[in-house]
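Me: I would like a close look at one part of this structure. Please start with a strand at the edge of a sheet, then follow its neighbours inward.

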Amino acid sequence: QVQLVESGGGSVQAGGSLSLSCAASGYRWSEWCMGWFRQAPGKEREGVAVLYINNNVPGSTYYADSAKGRFTISQDNAKNTLYLQMNSLKPEDTAMYYCAAHPGRCPLAALSSQGRFAYWGQGTQVTVSS
């Protein structure tokens, strides 16, 4: 049974940084796609960053325009953990952040294809104050 557990959320002032973690367990895939999605109050959930992993080697990454240059998605295979390093945070980054996994290659337009991600964590809240 696949489990994804996020951590690392919190409150920070604008311009600050946070690092989110997603501990994965119970999977046996050699090829998979992991991503970070977020949902702000009153808004639809949106893709933030996606990472393709093949034979435990990180591959292509995809970022939402809002995340480019500020956020970095990465993976530590030894720890079975996905990360999202978020720098230069803005109040509009305030949201619940979710980790998700999809066995196999990343779907086309992965950031907009959250329905293809079968496995989700419970989320971690990020609040950025101005």
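Reply: Start with strand E1. Its covered face carries Leu4 and Glu6, while Gln3, Val5 and Ser7 lie on the uncovered one. Keep in mind that this is a predicted model.

Now look at the neighbour of E1. E1 and E3 run antiparallel and are joined by five bridges. Take Leu4 as a landmark: its bridge partner in E3 is Ala24.

Next, step back to the whole sheet. It is open, has four strands, and follows the order E1-E3-E8-E7 with antiparallel pairing. The edge strands are E1 (3-7) and E7, each of which pairs on one side only. From one strand to the next, the twist averages 15°.

Go to the other edge. There, E7 and E8 are antiparallel partners, with six bridges between them. One position to find is Asp76, which stands opposite Thr81 in E8.

What does the sheet share with the interior? The largest nonpolar core has 29 residues, and the members that touch the most others are Met34, Trp36, Leu84, Met86 and Tyr97. Several elements give two or more residues to this core, among them strand E3 (18-25), strand E7 (71-76) and strand E8 (81-86). Strand E4 (31-39), strand E5 (46-54), strand E9 (95-103) and strand E11 (124-129) do so too. Such a grouping fits a general trend: in soluble globular proteins, nonpolar side chains tend to be buried together.

There is another core, apart from the 29-residue one. It has ten residues, including Cys33, Ala100, Ala110 and Leu111.

Move on to the salt bridges. The whole structure has five of them. Begin with the one between Arg70 and Asp93, whose side chains meet at 2.7 Å, N to O. This pair links distant parts of the chain. Arg70 is in the loop between strand E6 (57-63) and E7, Asp93 is in the loop between E8 and E9, and the two are 23 residues apart. Are they buried or exposed? Both Arg70 and Asp93 are buried.

Arg38 and Glu46 form another salt bridge, with the closest N and O atoms 2.7 Å apart. Here the two partners fall into separate classes. Arg38 has 6% relative accessibility, so it counts as buried. Glu46 has a relative accessible area of 37%, so it is partly exposed. These two pairs also belong together: Arg38, Glu46, Arg70 and Asp93 are linked in a network of salt bridges.

Set beside them the salt bridge of Asp65 and Lys68, at 3.2 Å, N to O. Asp65 and Lys68 are both exposed.

Finish with the rings. The structure holds seven aromatic pairs. One of them joins Tyr98 and Trp120 edge-to-face, at 6.4 Å centre to centre and 75° between the planes. This pair, too, links distant parts of the chain: Tyr98 is in strand E9 and Trp120 in strand E10 (residues 119-120), 22 residues apart. Tyr98 has a relative accessible area of 16%, so it is buried. At 25%, Trp120 is partly exposed.

Which charged residue sits over the ring of Trp120? The answer is Arg45, with its charged end 3.8 Å from the ring centre. Arg45 also lies over the face of Tyr98, at 5.5 Å from that ring's centre.

One last group is worth finding. Tyr27, Trp29, Trp32 and Tyr119 form one aromatic cluster.

Technical notes
Residues numbered from 1 in each chain as written. Predicted model: local features only at pLDDT ≥ 70, side-chain atom pairs only at ≥ 80, totals over all residues. Heavy atoms only, no water. Core = buried A, V, L, I, M, F, W, Y, C linked by side-chain atoms within 4.5 Å. Buried < 20%, exposed > 50% of the residue type's maximum accessible area, 1.4 Å probe, protein only. Pairing = 2+ DSSP bridges. Axes fitted to C-alpha atoms, helices over the stretch in contact; angles between N-to-C directions. Phe/Tyr/Trp six-rings, centres within 6.5 Å; stacked < 30°, edge-to-face > 60°. Lys NZ or Arg CZ within 6 Å of the ring centre and 35° of its normal. Salt bridge = Lys/Arg side-chain N within 4 Å of Asp/Glu carboxyl O.
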